[in-house]
Structures are given as structure tokens and as C-alpha cells.
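Here are a few exercises to work through with the structure open in your viewer. Try each one before you read its solution.

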Amino acid sequence: MRDPSVSLFMRAPHSPPGDPVVGNALRFARSPFDFLDTLSSSYAEGVVHLSGMAGPGIYVVLDPDLVQRVLVDDHARYRKPQLRPELVDPLIGEGLLTSEGDLWKRQRTTLQPAFFTSRLRGFGDTIVDFTRATTAGWRDGGELDVHHELGVLTVRIISRLLLGVDLSRADAVDVAEAMERVGETLALSPGNVVRPPWLQTPPPREYQQAIRELEDVTARITAMHDPGGDDVLSLLQRAIGDDPDAFPADERRDQVMTMLLAGHETTALTLTYALSLLSATPDARAELRSEADTVVDGTPTWGDLASLDYTERVVHETLRLLPPVWALFRQPLADARLGEYRIPEGAPMMLPQWALHRSRRHWDAPLTFDPDRWRETKPAEVAAYFPFGAGPRACIGRQLAIVEAKLILATLFAEWDVAVTADELPRRAAITMQPTEPVPAVVRRR
Ligand code: HEM
């Protein structure tokens, strides 16, 4: 769709100085989070152009109103770009996260009922039971990798809630570990940022192996599945029943892989980062514990959610300070006007939560973990806060993620103290922001 307001006299976005050959690409790829921090603190510009990336470079949107313009008001003028298709296609193909146009619309409409509140309400006990099954294996005073534990837990929860299947712990471990290896390959690195688009290399062998392992579990999930419910697989199967050509087997496979990827890792990361931030902020941890003691009578329930206010603020604040999805990507379908800037057709654009959630321009004491900043402010009212995206392509699992994170935190803190012992968590920028090392924590029974 042509944008009639585009004119040749509009400004080209400013490019920060960089290497004459590779521009800013290497600095960005070597240390993406520090680089984005520098961009958002040094430039008052709404859009900045990073040169030297493969192809036309990348346009970084640093103004929250322009982010909302792209995601919400003018969303029809943009699409998701195909970033690294040689890796992403074999992983999630055309599942709900990556599909476009009519295919996406049909998928979103078909799958939406799996995420209705009326359906999720029935799963509060399941989330608590799976959490308790996890902690049943913990030893008082023991040390564990909390990111791994929570990854396995959220795979089991997602499989039950969205795919209607009780996955064994061994299968859940396989999924979490295979996803970890996938993340290592997908992570930004100097090599993959400056490589020209025509120089495609096949996916590394360990990546292909990880996908095969995920496909094995996906096949077991499909075989175990009992249709008839409102889970994702049942909804897809019903759609196939009405129109045999509507959902080819590939698409079913892509959706299961998408749910496993999008549904487990983001929530596991939110919980891991929450535990890390709480461990570094004793007052917040004490407050959370005290809320669990006051609200929860033995076992947390769906009914407790409305009273777990502080726990909810902890989740919002974690998603602000350490957003698991650190940036969104789009490209204009035709030359576009964004504020006073001109963005050429097809150019990749980055909308970085990492920069906007942590900018002094939009937050008081942005690097302080302060759950109470959400006491009077609703997340939906803040343009510079978009951990779940915005507009029609906003996260379909948003409510589920918040419910899950609150119930898991309440279940953990009602019975356990979890102290992350690492001061720093080195992180890589894959589709999500992931720790590159195990996250050690000591767990003590309360
Ligand atoms: C705290 C946890 C989560 C975070 C931070 C998160 C974040 C996001 C974001 C930012 C997007 C938008 C991507 C874009 O516009 O390019 C998204 C989309 C999506 N998320 Fe989540 N998500 C979370 C949990 C979940 C869960 C539990 C599911 C369950 C399956 C899920 C499934 C999806 C799917 C399928 C999409 C694509 C939706 C569409 O394009 O129609 N997410 N998520």
C-alpha cells in the first residue's frame, strides 16, 4: 500500500559514526544491548540508521510514538521481515509467529479460543500442580540451574494447556535443551550481521540435529493427542474437518513448534529474570513473600490471582527491565513516512524494547528494579512499554503468560526461598534475550 504522505523532501534518518566498511554493524553485533543503550542515551532522534549490516542496513526506531505508529496505527503498511530464513523456516515455518496476510488472519482466528480467559480459568490448578511436581525434586539448601528448571516446567505447562498432552519430564528436558541449542545458533554474532544476503550458508549440523529432536517430540505430541477439546491441536483438527485443504500437515507441525518455542521460553525467561532481580533486591523479595503468605491459603488458586497485586507488579517490572523479547522487526511494504523520516520499501526496521524500556527519556531511575512504579500506572497506558508487542500482531499468549508467571511465583514463594547466586547474567540476543550460562540458585524450604 503506497503511503501518499511520502515525499522526496523528507529526512533520511541519521547514521551514528561507524567503521567506513562495516559501519556500526560490528559494534552492534559484538555487544547489542550496550550498543542499544548508547543509542537511546546519545540520540534524541526518533529513528537512527545503522549501516554496514547485510543489505540496506537497519532502521532503529527510538521514539515510542513512532513504535506505536508502526505496530498499531499504520500496521497495514508494514510486515514482519524474513530474517535469516535459512534458519527460521526449518524451525517454525509458517506458524502463527511468522505467517503473514490471509494465512495469518485465518490462523489467529482459529487459534484464539485456546487463549480465552474462560478456558485458561480451568488451568490454574494445572499450573500449580506442575510447579509443585518440579519443586518436589528440590533438596533443601540444594543448588540448581533455575533457568533450566523453569524451562522444563514451562514446556510441560504449555504442552498440557495448549497442545492437550502430558509430556514426560524427559521429553520436556529434550525440548528445553534443543531450544537452548537453537538459541545459540540464532544469536546475533558479528559473522551473521555483516554477511551479505547472497552468501547463505546451510544451518550448522547441531542446529539441524536440534530441529530433528524437536520434530520427534512434536510427532509424539501429535500421536498422543486426543482431539475434542479447545487446545491448539484440537482447533486445528476441527478446521481440517471442515475443509480438508485448510491445514496441511506441515502447518500443524509448524504450529506445534511455534507454541513450544513462543510459549515456553519467554515465560521461563521472565521467571528467571524475576528471580534474579528479586535476589538482588531484598525488599522486593520480602514484599513478594509476605504477599504469598497473606493471600495464599496453602495452595494458590485462580481465585488468588486478583489479590496477587505485588506479584503482578514484579512481573511487569521484570518485563520492563529485562524484556525477554528485546526487539521487534518490521519492514515497510512501500516507501513509508515515519514521523519526519523516510524509510525505503523493504528496509528492515528494529523496534527495540530493550532501548525504550530503559531510556532516561521515558522513565525515572530506569535501571532501578522498582515494582511499585506500576502501583498507579497501567502498562497499557505507557507507549514506551511494549513487552508483548502491540496492535493486531501483539502476543496471543499475553494473558496466559502473566497468569502463569504469577501462579508460579506464588507457588514457589509460598514454600521456598529461591536465591540466584550469580551477580551478572551474561546474555545473548537471539529471538529472545537468553542467558549464555546456567543460572545458579540456592533453594531453601521456608
Ligand atoms: C512473558 C512471556 C511472553 C512474552 C514477553 C511474549 C512476547 C511476545 C511479543 C513481543 C510478540 C509480538 C512479536 C511481534 O510483533 O513481532 C509475541 C507474539 C506471539 N506470542 Fe508471545 N510472549 C510471551 C508469552 C507467550 C506465550 C505463553 C505464548 C503461548 C503460545 C506466546 C505465543 C505467541 C505467538 C503465537 C505470537 C505471534 C502472534 C501473532 O503474530 O498473531 N507468547 N509474543
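Keep in mind that this is a predicted model.

**Exercise 1.** Leaving aside neighbours within four places in sequence, find the residues in contact with Thr-126. Then decide whether Thr-126 is buried or exposed.

*Solution.*
- Step 1: Go to helix α7, which spans residues 124–135 and holds Thr-126.
- Step 2: Skip the sequence neighbours within four places, and you're left with Arg-160 and Leu-161 as contacts of Thr-126.
- Step 3: Check the relative accessible area of Thr-126, which is 17%. Buried means under 20%, so Thr-126 counts as buried.

**Exercise 2.** Do the same for Thr-272: which helix is it in, and is it buried or exposed?

*Solution.*
- Step 1: Thr-272 sits in helix α13, a helix that runs over residues 249–279.
- Step 2: Its relative accessibility is 0%, so Thr-272 is buried.
- Step 3: With neighbours within four places set aside, Thr-272 has contacts to Val-146, His-147, Leu-150 and Val-439.

**Exercise 3.** Describe the shell around the ligand: how many residues surround the ligand, and which element gives the largest share?

*Solution.*
- Step 1: Count the shell, and you get 26 residues, with Trp-104, Arg-108, Arg-330, Arg-393 and Cys-395 the closest.
- Step 2: Sort them by character: 15 are nonpolar, seven polar and four charged.
- Step 3: Sort them by element. α5 (101–111), α13 and β5 (328–332) each bring in at least two residues, and α13 has the largest share with six.

**Exercise 4.** Look at ligand oxygen atoms and work out how far they lie from polar atoms of Arg-108, Leu-96 and Lys-80.

*Solution.*
- Step 1: For Arg-108, a polar side-chain atom is 2.7 Å from a ligand oxygen.
- Step 2: For Leu-96, the partner is a polar backbone atom, 3.3 Å from an oxygen of the ligand.
- Step 3: For Lys-80, we're back to a polar side-chain atom, this time at 3.4 Å from a ligand oxygen.

**Exercise 5.** Characterise the second largest pocket: what is its volume, and which residues are closest to its centre?

*Solution.*
- Step 1: The volume of the second largest pocket comes out at about 440 Å³.
- Step 2: It is lined by 20 residues, and those closest to the centre are Leu-277, Leu-322, Asp-423, Glu-424 and Arg-427.
- Step 3: Split the lining by character to get twelve nonpolar, four polar and four charged residues.
- Step 4: Helix α13 gives the most to this lining, namely three residues.

Definitions and conventions:
Residues numbered from 1 in each chain as written. Predicted model: local features only at pLDDT ≥ 70, side-chain atom pairs only at ≥ 80, totals over all residues. Heavy atoms only, no water. Helix = DSSP H or I, 4+ residues; strand = E, 2+ residues; numbered from the N terminus. Buried < 20%, exposed > 50% of the residue type's maximum accessible area, 1.4 Å probe, protein only. Contact = heavy atoms within 4.5 Å. 1 Å grid on protein atoms, 1.4 Å probe; cavity = no way out; pocket = protein on both sides within 12 Å on 5 of 7 lines; lining within 4 Å. Points joined across faces, edges and corners; volume = space filled by probe spheres on them. Nonpolar A, V, L, I, M, F, W, Y, C, P; charged D, E, K, R; others polar. Near = heavy atom within 4 Å. Polar contact = N/O pair within 3.5 Å; in protein donor to acceptor, adjacent residues only side chain to side chain.
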